[in-house]
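The following exercises treat selected side-chain pairs, helix packing and solvent exposure. Each task is followed by a worked solution.

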Amino acid sequence: MDAALDLMAKGRSFNSLSMREVTLAAGVVPTAFYRHYRDMNELGLALVADCGRALRPLLRQARMEGVSSKDIIRSSFLTYKKYVEEHPRYFMVAAGERHGGSPLIREAIRREIELFVEEMAEDLHALRLLPNMSLPTIRNICDLVVNTMLSAASEIGDLPKMGPRRERERIERYIQQLRVIFFGAAQ
């Protein structure tokens, strides 16, 4: 997985990688690949699942810490930002393969997005943060939030290069965008 992510960090799309390239970069013989994965699609599915498996619990914890709705938005965004900064390669997979490449990988990314949406909707419903809304409406709101954050992932990696003032401004802009989604929907 690390070898594939390293190759993608150099500008390659997952779909353009070969099993031989990945095993060479990993320093193993090609037959060793088959001890872990049936084919490259299975490796791609593992990459997608690995990202979601690590990030979803962090975001759930940020939402469930018992803070105000305003602070939940900030806390969740900062948790997400930190994860993206610490794991930028995963987001290259999501960004690069979400709209292209393998149909199997695209579907896996859609399923992961749906899991993020569903868990967020369940949490917001349980916390009664949008008490006058049906669960399907809350899911639609969460879908907007998740897609907004996926779009932000590519810029998050560039924030430190912008300088401290512009980085703070961009962070506040993202948080404001999320507030507009939630508070606008509540109105």
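**Exercise 1: A salt bridge between two helices**

The side chains of Arg 89 and Asp 6 form a salt bridge, with an N to O distance of 2.4 Å. The model is predicted: local features require pLDDT of at least 70, side-chain atom pairs count only at pLDDT 80 or more, and totals for chains, interfaces and linings use all residues. Residues are numbered from 1 along each chain as its sequence is written, and side-chain values use heavy atoms, with hydrogens and water left out.

Task. State which helices hold Arg 89 and Asp 6, and classify the exposure of Arg 89 and of Asp 6.

Solution.
1. The criterion for a salt bridge is a side-chain nitrogen of Lys or Arg within 4 Å of a carboxyl oxygen of Asp or Glu. The pair Arg 89 and Asp 6, at 2.4 Å, is such a bridge.
2. Arg 89 belongs to helix H6 and Asp 6 to helix H1, so the bridge ties together parts that are 83 residues apart in sequence. Helices (H or I, at least four residues) and strands (E, at least two) are DSSP runs, numbered from the N terminus.
3. Exposure follows the relative accessible area: buried is under 20%, exposed is over 50%, and partly exposed lies in between (1.4 Å probe, protein chains only). Arg 89, at 25%, is partly exposed; Asp 6, at 37%, is also partly exposed.

**Exercise 2: The packing of H1 against H6**

Task. Determine how the axes of H1 and H6 are oriented and which residues of H1 and H6 meet.

Solution.
1. Axes are lines fitted to C-alpha atoms, for helices over the stretch in contact, and angles run from 0 to 180 degrees between N-to-C directions. For H1 (residues 2-9) and H6 (residues 88-97), the axes come within 9 Å and cross at roughly 75 degrees.
2. Angles under 35 degrees count as roughly parallel, over 145 as roughly antiparallel, 65 to 115 as roughly perpendicular, and the rest as oblique. H1 and H6 are therefore roughly perpendicular to each other.
3. With contact meaning heavy atoms within 4.5 Å, Asp 2, Leu 5, Asp 6, Met 8 and Ala 9 of H1 meet Arg 89, Tyr 90, Met 92 and Val 93 of H6.
4. The residues of this contact comprise six nonpolar, no polar and three charged. Here Ala, Val, Leu, Ile, Met, Phe, Trp, Tyr, Cys and Pro count as nonpolar, Asp, Glu, Lys and Arg as charged, and the others, Gly among them, as polar.

**Exercise 3: Further salt bridges**

Task. Locate the bridge of Arg 63 with Asp 123 and that of Arg 165 with Glu 169.

Solution.
1. The count of salt bridges comes to 20.
2. In one of them, the side chains of Arg 63 and Asp 123 meet at 2.9 Å, N to O. Arg 63 lies in helix H4 (residues 40-63) and Asp 123 in helix H7 (residues 103-127), so this pair ties together parts that are 60 residues apart in sequence.
3. Arg 63 is buried at 5% relative accessible area, and Asp 123 is buried at 4%.
4. A network of salt bridges links Arg 60, Arg 63, Glu 122 and Asp 123.
5. The bridge of Arg 165 with Glu 169 has an N to O distance of 2.5 Å. Both residues lie in helix H9 (residues 164-186), four residues apart, about one turn of the helix. Glu 169 is partly exposed at 41% relative accessibility.

**Exercise 4: Cysteines**

Task. Explain why Cys 51 forms no bond with the closest cysteine sulfur.

Solution.
1. A disulfide is a pair of cysteine sulfur atoms within 2.5 Å; the count is zero.
2. The closest cysteine sulfur to that of Cys 51 is in Cys 142, 18 Å away, which is too far for a bond.
3. Cys 51 is buried at 12% relative accessible area, and Cys 142 is buried at 0%.

**Exercise 5: Surroundings of two buried residues**

Task. Which residues are in contact with Lys 81, and which does Ala 153 touch, leaving aside sequence neighbours within four places?

Solution.
1. Lys 81 is found in helix H5 (residues 69-86) and is buried at 10% relative accessible area. Its contacts, with those neighbours excluded, are Ile 156, Leu 159, Glu 167 and Ile 171.
2. Ala 153 lies in helix H8 and is buried at 7% relative accessibility. Beyond residues up to four places away in sequence, Ala 153 touches Tyr 80, Val 84 and Phe 91.
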